[in-house]
Amino acid sequence: MSLFRLENQYLMLTVSSLGGSVLALRAKNTGEGVDLLRPCAQDEQTPAAQSGCFPLVPFGNRVKGNAFTYGGEHYRLQPNTADAHYLHGDGWLASWECLEHCAERLVLAFEHQDENYHYRAQQTFELRGSELMLSLAVTNLAAAPMPFGLGWHPFFPLSNDTLLTASTCGYWLEDTQFLSGQFQPVTPPELDFSTASTLPRHWVNNGLSGWDGRATVCWPAKCQRLHLTTTPPCPVLFLFLSDPEFDPEYCFDFFCIEPMSHAANAHHLPDLGGLVPLSQGESLTQNMRLRSEVALTDSLVS
């Protein structure tokens, strides 16, 4: 495995070929810098699950029953981790090949084939001033059309004063085995981030719907703000916080907001829940921008 480093006047980025994952994204505001994603081991063997961000391809989250029917064919998925379900696709567990690497740009790719999916994915990282631009694309290589979706699984540092702003409407309950459950049209107050709000301090594992593809994370004590923007706008923002009862090592030091082009368990939802059918040779692309901003404390909640 290999590590790739990108740097400019404003940002430092480290990417691993293992999982095509981000191991570090730091704003160079001060001598020590500010972590914009959770700190993790800067090692070639750091798994994506312990990274700062990894890609979701050919779709994210879980599929109920590890099976779905599409185009008159029945497909079964095999668990790819200790989880009971095939989880977050293949990209985060794959070894990615470097196609291009320079001071401010990196292009990685990998190809996957099994009895269900055959595709090629490509991920581009580019520093543009105080912005990190990520682009994720997938091309169906199979003879039969298949449903695809894309997204990312970033982990953000969490402190007592961390604030999240994201406009959504409605959410999915969590079902057994961490699956996405019944849709609820009214979002409870603790999951309403239409104005800058602190994060819950308990287990949360819910997809939020009606998202406009924009979110802001603020760390007032560090005078730091991070703007997340997706194009085209991802309609689902998946929110995850662990709990010490589930993971004894977890101490509410990170949270996840996962931009997804589709709903969790989308294969079983009407209109495929946002998944896009791709015929052989057709591609789907999703972009995400992370913009770092230094801000005065009194403006962080505005």
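These exercises walk through a predicted model, each with a worked solution.

In this predicted model, local features need pLDDT of at least 70, and side-chain atom pairs count only at pLDDT 80 or more, while totals for chains, interfaces and linings use all residues. Residues are numbered from 1 along each chain as its sequence is written, and side-chain values use heavy atoms, with hydrogens and water left out.

**Exercise 1. Place L278 and find its contacts.**

Start with the element. L278 sits in strand 23, residues 276–278. Strands (E, at least two residues) are DSSP runs, numbered from the N terminus.

Next, the surface. L278 has 3% relative accessibility, so it counts as buried. The classes are buried, under 20% relative accessible area; exposed, over 50%; and partly exposed, in between (1.4 Å probe, protein chains only).

Then the contacts, meaning heavy atoms within 4.5 Å. Neighbours within four places in sequence are left aside; L278 then contacts V138, N140, A144, P145, M146, F148, S283 and L284.

**Exercise 2. Decide whether C53 and C102 are in disulfides.**

Recall the bond. A disulfide is a covalent bond between the sulfur atoms of two cysteines. The cut-off here is a pair of cysteine sulfur atoms within 2.5 Å.

Search the whole structure: 0 disulfides turn up. C53 is in none, as its nearest cysteine sulfur, that of C256, is 9.3 Å away. For C102, the closest cysteine sulfur is in C98, at 9.7 Å, which is too far for a bond.

Now compare settings. C53 is buried because its relative accessibility is 3%. C102 is partly exposed, at 39% relative accessible area.

**Exercise 3. Describe the largest pocket and its lining.**

Take the method. A 1 Å grid covers the protein atoms alone, and a pocket is an open set of points where a 1.4 Å probe fits, with protein on both sides within 12 Å along at least five of seven lines. Lining residues have an atom within 4 Å of a point. Grid points are joined across faces, edges and corners, and a volume is the space filled by probe spheres set on the points.

Read the volume: about 720 Å³. Count the lining: 26 residues, with A49, F155, F240, F246 and F254 nearest the centre.

Trace the strands. Strand 13 (151–157), strand 21 (236–241) and strand 22 (254–260) each supply at least two lining residues.

Sort by class: 12 nonpolar, 7 polar and 7 charged. Here Ala, Val, Leu, Ile, Met, Phe, Trp, Tyr, Cys and Pro count as nonpolar, Asp, Glu, Lys and Arg as charged, and the others, Gly among them, as polar.

**Exercise 4. Classify two aromatic pairs.**

Set the terms. Rings of Phe, Tyr and Trp (its six-membered ring) pair if their centres lie within 6.5 Å; planes under 30 degrees apart are stacked, over 60 edge-to-face, and the rest tilted. The whole structure holds 19 aromatic pairs.

Take F54 and F155. Their ring centres are 6.1 Å apart and their planes lie at 50°, so this pair is tilted. F54 is in strand 5 (residues 53–56) and F155 in strand 13, 101 residues apart, so the pair links distant parts of the chain. Both residues are buried.

Take Y117 and F148. Centres 5.1 Å apart and planes at 80° make the pair edge-to-face. Y117 is in the loop between strand 9 (105–113) and strand 10 (118–128), and F148 is in strand 12 (residues 146–148). Y117 is buried at 2% relative accessible area; F148 is buried at 0% relative accessibility.

Widen the view. Y117 and F148 belong to one aromatic cluster with F59, Y86, W96, F110 and Y119.

**Exercise 5. Locate H267 and list what it touches.**

First, the position: H267 lies in the loop between strand 22 and strand 23. With 8% relative accessibility, H267 is buried.

Next, the touching residues. Not counting residues up to four places away in sequence, they are F59, V63, F68, Y117, P147, L272 and L275. The C-alpha atoms of H267 and P147 are 8.0 Å apart, although 120 residues separate the two along the chain.

**Exercise 6. Examine the unusual backbone at P58, P232, Q177 and D271.**

Start from the rule. Most residues other than glycine have a negative phi, and most peptide bonds are trans.

Check the bonds. V57 to P58 is cis, with omega near 10°. T231 to P232 is cis, with omega near -10°.

Check phi. Q177, not a glycine, has a positive phi of about 55°, and Q177 is partly exposed at 48% relative accessible area. D271, also not a glycine, has a positive phi of about 55°. D271 is exposed, at 75% relative accessibility.

Terms used: Helix = DSSP H or I, 4+ residues; strand = E, 2+ residues; numbered from the N terminus.
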